[in-house]
Amino acid sequence: MKSLICTTPGQFDYQDLPEPSFSKGNTILKIKRIGICGTDLHAYEGTQPYFNYPRILGHELAAEIAETDAPGFSKGEQVTFIPYFNCGTCIACTSGRPNCCETLKVSGVHIDGGMAEYLSVPSYSLVHGNDHTLEELALVEPLAIGAHAVRRAQIRKGEFALVIGAGPIGLGIMEFARIAGAKVIAMDINDQRLAFCKEKNIVALTVNPSEGNPAETIKDITGGSMPTVVFDATGSLFAINKAFSYMAHSARYILVGLQKGDITFSHPEFHKREGTLMSSRNATREDFEHVLACMKSKLIDPGTYITHRVAFDKVKKTFDSWLDPKTGVIKAMVEI
Ligand SMILES: NC(=O)c1ccc[n+]([C@@H]2O[C@H](COP(=O)([O-])OP(=O)(O)OC[C@H]3O[C@@H](n4cnc5c(N)ncnc54)[C@H](O)[C@@H]3O)[C@@H](O)[C@H]2O)c1
Ligand SMILES: [Zn+2]
Ligand SMILES: [Zn+2]
């Protein structure tokens, strides 16, 4: 089968590899669509922490079942899958939080993923998708990250939610915060991305923190009280530290973006707000199902996100261009 291997940072190679063979408890997927995400871009650039090469990337997949013994699933059915493979026995797994399993393995990150014609996955990871298009199915995973973060935040109708970072992850958070009834404010240093939020009717309120005094702007928008929910989806240490000052008294702050440094903030400022700080990692089946339900009821239009489409045999020569913000890429979709 044709496979695309990231052999070392900056280098892709097409190779002909043996097809995976069927084994009990696993399902062979015939891959149909592969969404490209920041993790893939960072792995290719060589900036993804704890990443080993060579690796077959790709974890945002739409597929057709080629072979399975999973109850309720059949050959030819369209599916997506939950690419986080968990141990099932650790404290997180036994507490209903497999998304933060102690020994989590993410397909296409820690183990080989779906940039190939076929992939064997644990059958427990399958998600039904016959009612959806292939493109919708390949978008479920990145949107589920936002759905999970919003579920962590326990949004109340009518409250202000500030989402910092308007990349694919931030956009997903904005959508689900809007669906949950929040008044969403988008913040980004990239005006092109803020314009995208407005054009696509994802949010009406936008703030570029490099213009004027962003805290004052947010104060005006929120009628003086500041947002009661703040999400970071930048992965920028500077943005993460700064955002503590955007929290209303009683606010929750959810870290979705990830960086490698130590976060620092004023304890008295955080204390007087009785702030809640939490991280949000991956997503669970419940979040995947919520995304699919929102797509089905047209609360989310998957067409919003796909800015680039490319055939599998053109990925190697196109990949570099997606690293350039000027191409305006939000989500590139590979067809195979
Ligand atoms: N929680 C999870 O499970 C999970 C899953 C996938 C990705 N992530 C993380 O989410 C983050 C966002 O991912 P993405 O793919 O959307 O990334 P992205 O790079 O496409 O988007 C980040 C956005 O943040 C903006 N930004 C950067 N610095 C800023 C600042 N100081 N103030 C305001 N905006 C700023 C950028 O202009 C950009 O638009 C990354 O850190 C990624 O690692 C987390
Ligand atoms: Zn992803
Ligand atoms: Zn576990």
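These points describe a predicted model, taking the domains, then the ligand shell, then one helix.

1. Domains. The domain assignment splits the protein into domain 1 (2-130 + 305-335) and domain 2 (145-279). Domain 1 is thus written as two stretches of sequence. The centres of the two domains, taken over C-alpha atoms, are 29 Å apart.

2. Contact between the domains. Domain 1 puts 8 residues in contact with 7 residues of domain 2. On the domain 1 side, the touching residues are 4 nonpolar, 3 polar and 1 charged.

3. Ligand 1. There are 27 residues around ligand 1, and those that come nearest are Gly38, Gly165, Gly167, Gly235 and Gly257. Two elements, α4 and α7 (237-243), give two or more residues to this shell. The most comes from α4, with 3 residues. By class, the shell holds 13 nonpolar, 11 polar and 3 charged residues.

4. Helix α5, buried side. Helix α5 covers residues 191-199, and its buried residues are Arg193, Phe196 and Cys197. Seen down the helix axis, these fall within an arc of 100 degrees, so they line one face of α5. The general rule is that an α-helix has 3.6 residues a turn, so residues three or four places apart point the same way.

5. What the buried side meets. The buried residues of α5 pack against α4 (168-179) and against two strands, β11 (183-187) and β12 (205-207). Helix α4 therefore appears twice in this note: it packs with α5, and it contributes to the shell around ligand 1.

6. Helix α5, other side and end. Asp191, Gln192 and Glu199 are exposed on the other side of α5. Just after the helix, Asn201 has a positive phi of about 55 degrees.

Notes:
Residues are numbered from 1 along each chain as its sequence is written. Chains are lettered from A and ligands numbered from 1 in the order in which they are written. This is a predicted model: local features need pLDDT of at least 70, side-chain atom pairs count only at pLDDT 80 or more; totals for chains, interfaces and linings use all residues. A residue is buried if 20 or more other C-beta atoms lie within 10 Å of its own, exposed if 12 or fewer, and partly exposed in between; C-beta atoms are placed from the backbone. Helices (H or I, at least four residues) and strands (E, at least two) are DSSP runs, numbered from the N terminus. The arc is that of the directions from the helix axis to the C-beta atoms. Domain bounds come from an automatic or database domain assignment. Ala, Val, Leu, Ile, Met, Phe, Trp, Tyr, Cys and Pro count as nonpolar, Asp, Glu, Lys and Arg as charged, and the others, Gly among them, as polar. A residue is near a molecule or strand if its C-beta atom, placed from the backbone, lies within 6 Å of it.
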